[in-house]
Amino acid sequence: MLTISELFIYPVKSLGGISLSEAEVTDRGFKYDRRWMLIDENNQFLTQRVHPQMALFKLEIGADCLSVTHPEWGKMRIPFEPVEAQFSEVVIWEDTCRAVSVSREVDAWFSDALGLTCRLVYMPDSTAREVDQRYAPKGMITSFRMLTRF
């Protein structure tokens, strides 16, 4: 018999995880898991593999927002619903999908903390990124997570 010893979600792709004692499952996986992502000026996703300083951010889920803390730059509140209404086509691995910008204030904070120009985007419910059919049935969707099987 399998036993789950720990549950983690990673609300912002490639930033720190949040340990959970329970998780709500949605059509994309765990609620809040990888719904946000940092992108560069070319709309390509950023990853700790290339930018190890991303490991310095700590995340918490609040009642009305996600809180991100950096040891030198303090805390930034990220609303669950983006302030901006600007959509972009973003690239994650070999996929291109639609995402919405969160806010200019959040973009400036992350850009300063990381020392590079970037934007935080959110995957709205209207975006349906299909899982590779080698790993799941046709029509299954996911968030900004990697599309490999477990």
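**Secondary structure, sheet arrangement and burial in the predicted model**

Read from the N terminus, the chain follows the pattern β-β-β-β-β-β-β-β-β-β-α-β-β-β. The secondary structure thus comprises one helix and 13 strands. The model is predicted, and the values reported here are computed from it. The chain has 150 residues, of which 45% count as buried. Among contacts in the chain with a separation of 6 or more, 49% are accounted for by residues 24 or more positions apart. The chain exposes about 8800 Å², and carbon and sulfur atoms supply 51% of this area.

Strands β6, β7 and β8 form an open sheet of three strands in the order β6-β7-β8, with antiparallel pairing. The edges are occupied by β6 (58-61) and β8 (74-79); each has a single partner strand, so one side of each is left without a neighbour in the sheet. From one strand to the next, the twist averages 20°. Strand β7 spans residues 65-70 and is joined to β8 by six bridges, the two strands running antiparallel. On the β8 side, G74 is the bridge partner of H70. The sheet is also contacted by a helix: α1 (residues 104-114) packs on it and touches both β7 and β8. The direction of α1 makes about 145° with that of β8.

The loop between β5 (36-39) and β6 contains N42. With a relative accessible area of 60%, N42 lies over the 50% cut-off and is therefore classed as exposed. Along the chain, N42 and E89 are 47 residues apart, while their C-alpha atoms are separated by 9.9 Å.

Two cysteines were examined for burial. C65, with a relative accessible area of 4%, is buried. C118 has a relative accessibility of 3% and likewise counts as buried. Both values fall under the 20% cut-off, so both residues belong to the buried class. As for disulfides, which require a pair of cysteine sulfur atoms within 2.5 Å, the count comes to zero. The accessibility of C65 and C118 thus contrasts with that of N42: the two cysteines are buried, whereas N42 is exposed.

How values were computed. Residues are numbered from 1 along each chain as its sequence is written. This is a predicted model: local features need pLDDT of at least 70, side-chain atom pairs count only at pLDDT 80 or more; totals for chains, interfaces and linings use all residues. Side-chain values use heavy atoms; hydrogens and water are left out. Two strands pair if DSSP finds at least two bridges between them. Helices (H or I, at least four residues) and strands (E, at least two) are DSSP runs, numbered from the N terminus. Axes are lines fitted to C-alpha atoms, for helices over the stretch in contact, and angles run from 0 to 180 degrees between N-to-C directions. Contact means heavy atoms within 4.5 Å. Buried means under 20% relative accessible area, exposed over 50%, partly exposed in between (1.4 Å probe, protein chains only). Accessible areas come from the Shrake-Rupley method with a 1.4 Å probe; for residues, only the protein chains shown count as cover.
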